[in-house]
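Work through the exercises below with the sequence and the model in view. Try each task before reading its solution.

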Amino acid sequence: MTDAHLAIVVLAAGQGTRMKSATPKLLHPLAGVPIVSHVLATARALDAAHVVTVVRHERDRLVEVIEADLPESVIVDQDDVAGTGRAVEMAVAALPADFDGDVLVVNGDVPLLDADTLSSLIAAHRSGGAAATILSSFPADASGYGRIVRTPEGHLDRIVEHKDATEAEREIGEINAGIYLFGLSALRDQLASLTTDNAQGEKYLTDVIELLRRAGSEVDALPVSESWLVEGINDRAQLSEAAAKLNALLVRGWQLAGVTVQDPATTWIDLKAKLAEDVTLLPGTQILGATVIARGATVGPDTTLLDCEIGENARVNRTDATLSVIESDATVGPFAYLRPGTYLGASGKIGTFVETKNARIGSGTKLAHFNYVGDAEVGEKSNLGAGVITANYDGVNKHRTEIGSHVRVSTNTVFVAPVRMGDGAYTGAGTVVRKDVPPGALAITVAPQRNIEGWVATKRPGTDAARAAEESGE
């Protein structure tokens with residue numbers, strides 16, 4: 001049910017220079033989705049009456065993601081006045097005139113903060129009657145963070161920045177997590193008093209807390225259960241730390257749901273992946289994008305699947321696959337490379353050192369080793385021997401190869417596309433198929449073998465080969 005008394009402000013205007021990247025910080029992927037998408041998903045889960053997202057740097061790229069993830073969000077462009085206080089001021093101005101509820105302010109770079117924690121914050125704020133309630137945490141190292149100084153009664157007295165703190169205040173382990181919940185009327189009153197009269201020339205949202213205290217309003221701080229819930233991402237090191245923590249949570253969640261993960265430390269699972277019970281993931285496996293794996297399938301070791309579908313009881317071993325479908329009881333690998341558009345039917349096989357692309361391979365068909373099959377369709381229960389390739393590119397255009405069912409293709413056969421091979425047909429070893437092969441026919445392009453007696457003795461006299469031939473006595 002929509003919370004008619006809740007508005008959420010997502011702060012997404014920061015430049016993120018410490019990432020040192022052409023990609024905006026909030027668009028860097030975390031478990032397969034942009035950092036900001038995690039925050040937007042949490043906002044959606046809270047079902048607020050209003051969501052306002054404040055943007056500035058790389059705004060068009062951010063807005064594209066925001067509109068896809070949370071189309072109901074109002075987009076506000078921050079002006080040239082810097083600071084989180086100004087961002088919230090502009091967001092509040094975008095709220096409907098008749099809204100008079102609570103305003104939750106979250107940062108777009110805090111992706112691990114969950115809806116349950118924020119729901120607890122909202123409940124505590126509304127039951128406590130404070131003008132504002134913030135989240136705090138107790139990190140292992142509080143250096144550099146604003147400290148939470150409490151009153152004798154345990155309420156929030158003030159936030160002291162590290163550089164301004166006394167030695168005694170620096171001993172405080174509780175810090176400001178930067179997540180705020182305000183009553184709108186109290187917030188609006190104090191936002192009007194913010195100035196840029198500071199070293200950075202910015203309007204700070206933290207100043208609102210001090211202003212509220214000066215006005216005699218009560219402000220509370222609610223500690224989170226784990227400090228990692230409110231840790232922001234500012235650089236690549238913090239991104240990797242967040243990724244490791246989130247992945248550990250995802251892996252454990254799938255284990256509790258009935259998935260065997262043999263080595264959690266080397267297994268990565270993206271947020272949108274779906275795994276059934278009795279799936280087994282072996283070490284060194286990455287399940288990326290929207291990959292779906294059905295019951296009883298075994299994936300790994302050393303396998304990467306991106307946006308793939310894996311059927312029941314399939315086996316995928318030491319394989320790199322993207323946008324591919326592997327049906328039930330099929331086997332892939334080791335050392336297979338499945339490019340986009342690969343489809344392997346039930347009980348089929350793509351074996352060792354096989355590459356496929358835009359290829360549909362029928363049920364029970366086998367590509368056992370050393371094959372390239374691209375822009376092709378292969379029927380059911382056919383067998384392609386070692387070294388079979390489809391020559392699909394003429395230097396300008398790609399062409400398709402069609403191979404029927406119950407076909408036997410001998411080693412080192414080359415199909416020069418476009419070409420078709422009918423059901424039940426065969427090829428001889430080393431055949432180059434340049435024209436269609438009728439059903440049940442044998443295609444060969446082998447010239448008669450010619451043996452030149454004495455060639456080695458004449459052309460390679462004195463070599464080991466010549467001596468061996470002479471000593472053989474034949």
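**Exercise 1: A residue in a loop**

Task. Find where Ala429 sits, decide whether Ala429 is buried, partly exposed or exposed, and list what Ala429 touches beyond its sequence neighbours.

Solution. Ala429 lies in the loop between β37 (426–427) and β38 (432–433). The model is a predicted one. Next, take the relative accessible area of Ala429, which is 48%. Buried needs a value under 20% and exposed a value over 50%, so Ala429 is partly exposed. Last, leave out residues up to four places away in sequence; Ala429 then touches Ser410, Thr411 and Val446.

**Exercise 2: A second position from the record**

Task. Name the residues that UniProt lists for "binding site", then describe the surroundings of Asn392.

Solution. The UniProt record, an unreviewed entry, lists Ala386, Asn392, Tyr393 and Ala429 under "binding site". Asn392 is placed in the loop between β32 (389–391) and β33 (401–403). Its relative accessibility is 7%. The limit for buried is under 20%, so Asn392 counts as buried. With residues up to four places away in sequence set aside, the contacts of Asn392 include Lys357, Tyr372, Gly374 and Asp375. Asn397, Lys398, His399 and Ala417 are also touched by Asn392. With Tyr372 there is a polar contact between side chains, at 3.4 Å.

**Exercise 3: Three salt bridges**

Task. For the pairs Asp375 and Lys357, Arg59 and Asp60, and Arg61 and Glu58, give the N to O distance and say how accessible each partner is.

Solution. Start with Asp375 and Lys357, whose side chains meet at 2.6 Å. This pair links distant parts of the chain: Asp375 belongs to strand β30 (residues 372–378) and Lys357 to strand β28 (residues 355–361), 18 residues apart. Asp375 has 6% relative accessibility and is buried; Lys357, at 11%, is buried too.

Now take Arg59 and Asp60, with a distance of 2.9 Å. Arg59 is partly exposed at 29%, while Asp60 is exposed at 55%.

The pair Arg61 and Glu58 has a distance of 3.8 Å. The cut-off for a salt bridge is 4 Å, so this pair qualifies. Arg61 is partly exposed at 36%, and Glu58 is partly exposed at 42%.

In total, the model has 22 salt bridges.

**Exercise 4: An enclosed helix**

Task. How many residues of helix α3 (residues 84–93) are buried, and what covers them?

Solution. First list the buried residues: Gly85, Arg86, Ala87, Val88, Glu89, Met90, Ala91 and Val92. That makes eight of the 10 residues, so α3 is largely enclosed by the rest of the structure. Then look at the cover, which includes the strands β1 (3–12), β4 (48–55), β5 (74–77) and β6 (102–107), as well as helix α6 (184–191).

**Exercise 5: An annotated stretch**

Task. Which residues does UniProt list for "domain: MobA-like NTP transferase", and what is the helix and strand content over residues 9–136?

Solution. The unreviewed UniProt entry gives residues 9–136 for this domain. Over these residues the chain is 37% helix and 24% strand. To finish, take the C-alpha atoms at the two ends of the stretch: they are 18 Å apart.

Definitions and conventions: Residues numbered from 1 in each chain as written. Predicted model: local features only at pLDDT ≥ 70, side-chain atom pairs only at ≥ 80, totals over all residues. Heavy atoms only, no water. Buried < 20%, exposed > 50% of the residue type's maximum accessible area, 1.4 Å probe, protein only. Helix = DSSP H or I, 4+ residues; strand = E, 2+ residues; numbered from the N terminus. Contact = heavy atoms within 4.5 Å. UniProt positions renumbered as here; feature names shortened; annotations may be inferred. Polar contact = N/O pair within 3.5 Å; in protein donor to acceptor, adjacent residues only side chain to side chain.
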